Amino acid sequence: MLKEIFSILQKIAAPLLITSLIVLNALVLTLLVFAVILLVLSVWAAFYFRAKYKKSHQTHKLSSETEITPIGKLKVGPTWIHGRVKSTYPPAPSPFSKIPCVYYHFYVEELVPRGDVGSSYECWVDIIDDQKSDPFWMEDDTGSVEIEHGGNFQINTDATFETGVNQQTHDGLAVCDAPEDLRAMLLAQYGQDTKRRLIFGSAGRKLRYKESILEDGDNIYIFGEVRNDNGQYIIGTGTVPLIISEDDKAHIEDGFDSDSGCYKYVFIGSIVIAFLSGFLVLGIIGFFLLSNIVKAMQTASLTMLIL
């Protein structure tokens, strides 16, 4: 009689044990895969942001230790200069304001809905981001120096304009449509239209235009590395990036300090996550092995009781 009861229990318990073991193993393996992916990503982020932090910290340190130097007294190495832009080519007009310039940055954003259909939340997204720079020199009262083409321009916005959105006028709020010459320029140069085609007609897109320009004769600050090219000094990238800005030295260094601090905290956070995910991986593997051993012992004990 007792043997028959144990036989029935075996028929009921064995499938339950096997099923629970399969489900548990599947859950553990899923969690293990997630933990391993998190570990790999956090380790990669730690190495990446450590390199970014070291580079940014080094740039900030070199910038802080370097004083603004007259162009006539430049030496090879990192330097700060302040002077006037001297164009080497006939300045071409910028796309939006049509002002002749050495450098321009023209970008257009569109206000688009975000979230579920019918949501009132909107945000600006870039649809045009166009930059162009001609080779130029810098000069002051002591001399002039060539600037390497293609630096990091930090030029303040000179023009801002919006179309397709409500704007305050003398008669109250009104929608400002894009002028036809602006619409034609966007179509010709960028393949973008200020209007969106609908089934019955068209409607103006909500666009915001911004343009930054650097004109011949503008006063700017430059941080970069001086090198000697066949007896002629050139300022470009090297151990430090080439920064071309209308803001002064102190303002740019604040930006270096902010970037360095941001990279540092992200690096520390990545290290913490890497350690936690590493312990999680070890814990999951240990739990997986232990649970399988326990299940095997339970199955063996039940079999012995039946026998």
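Are R208 and E109 buried or exposed? Keep that one in mind, and I'll come back to it once we've had a look around. Hi everyone. One thing before we start: what you see up there is a predicted model.

Okay, the overview. The chain has 307 residues, and 32% of them count as buried. Its secondary structure comes to 3 helices and 17 strands. The accessible surface is about 18700 Å², with 61% of that belonging to carbon and sulfur atoms. And if you take contacts between residues at least 6 apart in sequence, 69% of them join residues at least 24 apart.

Let's go inside. In soluble globular proteins, nonpolar side chains tend to be buried together. Here, the largest nonpolar core has 19 residues. The members that touch the most other members are I81, F136, M138, I147, I222, I235 and I244. Where do they come from? Four elements give two or more residues to this core: β1, which is 77–87, β6 at 136–140, β7 at 143–147, and β15 at 219–229. Of these, β15 gives the most, with 3 residues.

If you want one residue to click on, try I222. Leaving out residues up to four places away in sequence, I222 touches T79, W80, I81, F136, M138, I147, I235, L242, I243 and I244. Apart from this core there is another one, of 12 residues, and C101, M185, L186 and Y209 are among them.

Hang on to Y209, since we meet that residue again in the strands. Let me take β4, residues 103–113. This strand is mostly covered, with 10 of its 11 residues buried. β4 pairs with β5, residues 122–133, in the antiparallel sense, over 11 bridges. β4 also runs antiparallel to β14, and 8 bridges join those two. You can see both pairings at V108: the bridge partner in β5 is I128, and the partner in β14 is Y209.

Now back to the opening question. R208 and E109 meet through their side chains in a salt bridge, 2.9 Å from N to O. R208 sits in β14, residues 207–214, and E109 sits in β4, so this pair ties together parts that are 99 residues apart in sequence. And the answer is that both R208 and E109 are buried.

How many salt bridges turn up in the whole structure? The search finds 8. Let me show you two others for contrast in setting.

One is K61 with E65, where the side chains meet at 2.8 Å, N to O. Both residues lie in helix α1, which covers residues 2–65, and they are 4 residues apart, about one turn of the helix. What about cover? K61 is partly exposed, at a relative accessible area of 45%. E65 comes in at 51% relative accessibility, so E65 counts as exposed, given that the cut-off for exposed is over 50%.

The other is D193 with R183, at 2.7 Å, N to O. D193 is in the loop between α2 (180–190) and β12 (195–198), while R183 is in helix α2 itself, and the two are 10 residues apart. D193 has a relative accessibility of 13%, so D193 counts as buried.

Let's go back to α1 for a moment. T59 is in that helix, and T59 is buried, with a relative accessible area of just 4%. So what does T59 touch, skipping residues up to four places away in sequence? The answer is F223, P241 and F256.

Last stop, another threonine. T239 is in the loop between β16 (232–236) and β17 (243–245). This one is partly exposed, with a relative accessible area of 38%. Leaving out residues up to four places away in sequence, T239 touches K55, Q58, L62, P78 and E225. Take K55 from that list: T239 and K55 are 184 residues apart in sequence, and their C-alpha atoms are 9.0 Å apart in space. With E225, the contact is a polar one between the two side chains, at 2.5 Å.

So, to sum up what to look for on screen: the 19-residue core with I222 in it, strand β4 with β5 on one pairing and β14 on another, and the buried R208 and E109 pair. That's me done, thanks!

Key
Residues are numbered from 1 along each chain as its sequence is written. This is a predicted model: local features need pLDDT of at least 70, side-chain atom pairs count only at pLDDT 80 or more; totals for chains, interfaces and linings use all residues. Side-chain values use heavy atoms; hydrogens and water are left out. A nonpolar core is a set of buried Ala, Val, Leu, Ile, Met, Phe, Trp, Tyr and Cys residues joined through side-chain atoms within 4.5 Å. Buried means under 20% relative accessible area, exposed over 50%, partly exposed in between (1.4 Å probe, protein chains only). Contact means heavy atoms within 4.5 Å. A salt bridge is a side-chain nitrogen of Lys or Arg within 4 Å of a carboxyl oxygen of Asp or Glu. A polar contact is a pair of N or O atoms within 3.5 Å; within protein, one must be able to donate a hydrogen and the other to accept it, and residues adjacent in sequence count only if both atoms are side-chain atoms. Two strands pair if DSSP finds at least two bridges between them. Accessible areas come from the Shrake-Rupley method with a 1.4 Å probe; for residues, only the protein chains shown count as cover.
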